[in-house]
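Subject: The structure you asked about

Hi,

Here is the structure, ready for you to open. My notes on what turned up in it follow below.

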Amino acid sequence: SKNQGLQTYNLQIRAIKMFPYRDAYYRAFSQTNLALANSLVGQYKNGSPSAQVQKNVITLIQQSINSGRSATTVAPLTAFNWNNSSSIYRSLIGFGQNADKFAILTGQQAIALDPANPQQYIELGGIYYQLGLHDEAIRQFQYAISLKKDYANAYYNLGHSLELKGDLQGALNAYEIVKKLIAKDPKNTKKILADIEALKNKIG
């Protein structure tokens with residue numbers, strides 16, 4: 001909360017050394033490493049980082065991956081651990097080799113452990129959406145809707161996938177459902193109305 005990344009990093013290492021059997025410690029450490037790597041990269045938006053900085057970033061990313069894997073090893077039946085690994089790999093798509101495949105595989109494992117949770121399908125659908133695999137994304141968002149009929153976020157994601165696929169009327173239908181479901185939320189209502197207006201102009 002004080003944005004003291006190095007102190008967080010060191011204290012989490014101490015916690016893991018003191019008690020290496022708690023999956024939550026590894027999850028936290030994996031996210032800390034990823035955040036530190038992103039922070040380092042973000043400092044060089046207008047220039048190239050030195051070889052040492054690049055090495056540090058790679059080390060942090062590898063530690064993030066390894067710590068995420070350690071969480072799944074300590075508690076392999078906890079879906080949250082597989083979600084965590086999937087989110088790490090997803091953030092590395094386009095950067096790490098086979099990150100897309102690992103993001104999907106770990107996401108699928110999370111679903112296998114928690115198949116009645118619609119959010120799991122939203123997460124996996126988001127990966128397919130990011131990869132441009134819209135048929136697969138649509139399928140996952142539809143699974144989420146089948147589990148929770150009033151899930152506005154699922155309809156919203158479905159609408160975007162349908163729109164990018166070219167099914168504009170299907171996308172409009174999904175957005176209209178979102179509008180009804182979030183009628184009491186002024187901020188999000190404004191956003192969905194803008195999306196609907198833009199889509200109608202595209203159709204028209």
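Let me start with a pair inside one helix: Glu136 and Arg139 are three residues apart in helix H7, so about one helical turn separates them. The two side chains form a salt bridge, with the closest N and O atoms 2.8 Å apart. Glu136 is partly exposed because its relative accessibility is 29%, and Arg139 is partly exposed too, with a relative accessible area of 35%. Please keep in mind that this is a predicted model.

**Other salt bridges**

How many salt bridges does a search of the whole structure find? The count is six, and two more of them are worth a look.

Asp23 pairs with Arg27, and here the closest N and O atoms are 3.2 Å apart. Again the partners sit in one helix: they are four residues apart in helix H2, which puts about one helical turn between them. Are Asp23 and Arg27 buried or exposed? Both Asp23 and Arg27 are buried.

Lys165 and Asp135 also meet in a salt bridge, at 2.7 Å from N to O. This pair ties together distant parts of the chain, with Lys165 in helix H8, Asp135 in helix H7, and their positions 30 residues apart. Lys165 has 49% relative accessibility, so it counts as partly exposed. Asp135, at 43%, is partly exposed as well. As a general point, side chains of opposite charge can pair when their charged atoms come close.

**Aromatic pairs**

There are five aromatic pairs in the structure. In one of them, the ring centres of Phe19 and Tyr21 are 5.6 Å apart and the planes meet at 85°, so the pair is edge-to-face. Phe19 is partly exposed, because its relative accessibility is 39%, while Tyr21 reaches 62% and so counts as exposed.

Tyr121 and Tyr143 make another edge-to-face pair, because their planes stand at 65°, over the 60 degrees needed, with the centres 5.7 Å apart. These two rings link distant parts of the chain: Tyr121 belongs to helix H6 (residues 118–130) and Tyr143 to helix H7 (residues 134–147), 22 residues apart. Tyr121 is buried at 10% relative accessibility, whereas Tyr143 is partly exposed at 38%.

**A surface patch**

Back to Phe19 and Tyr21 for a moment. Together with Met18 they make a nonpolar surface patch of about 410 Å². Tyr21 itself lies in the loop between helix H1 (5–18) and helix H2 (23–42).

**Inside the protein**

In soluble globular proteins, nonpolar side chains tend to be buried together. Which residues have the most contacts inside the largest nonpolar core here? They are Leu92 and Ile192, in a core of 45 residues. Leaving aside neighbours within four places in sequence, Ile192 touches Tyr156, Tyr175, Val178, Lys179 and Ile182.

Finally, have a look at Ser161 in helix H8 (residues 152–165). Its relative accessible area is 0%, so Ser161 is buried. What does Ser161 contact, apart from its neighbours within four places in sequence? The list is Tyr129, His134, Ala137, Ile138 and Phe141.

Cheers

Note on methods
Residues numbered from 1 in each chain as written. Predicted model: local features only at pLDDT ≥ 70, side-chain atom pairs only at ≥ 80, totals over all residues. Heavy atoms only, no water. Patch = residues over 30% accessible without salt bridge, like charges linked within 9 Å, V, L, I, M, F, W, Y side chains within 5 Å. Areas by Shrake-Rupley, 256 points an atom, 1.4 Å probe, with all protein chains shown as cover. Salt bridge = Lys/Arg side-chain N within 4 Å of Asp/Glu carboxyl O. Core = buried A, V, L, I, M, F, W, Y, C linked by side-chain atoms within 4.5 Å. Buried < 20%, exposed > 50% of the residue type's maximum accessible area, 1.4 Å probe, protein only. Contact = heavy atoms within 4.5 Å. Phe/Tyr/Trp six-rings, centres within 6.5 Å; stacked < 30°, edge-to-face > 60°.
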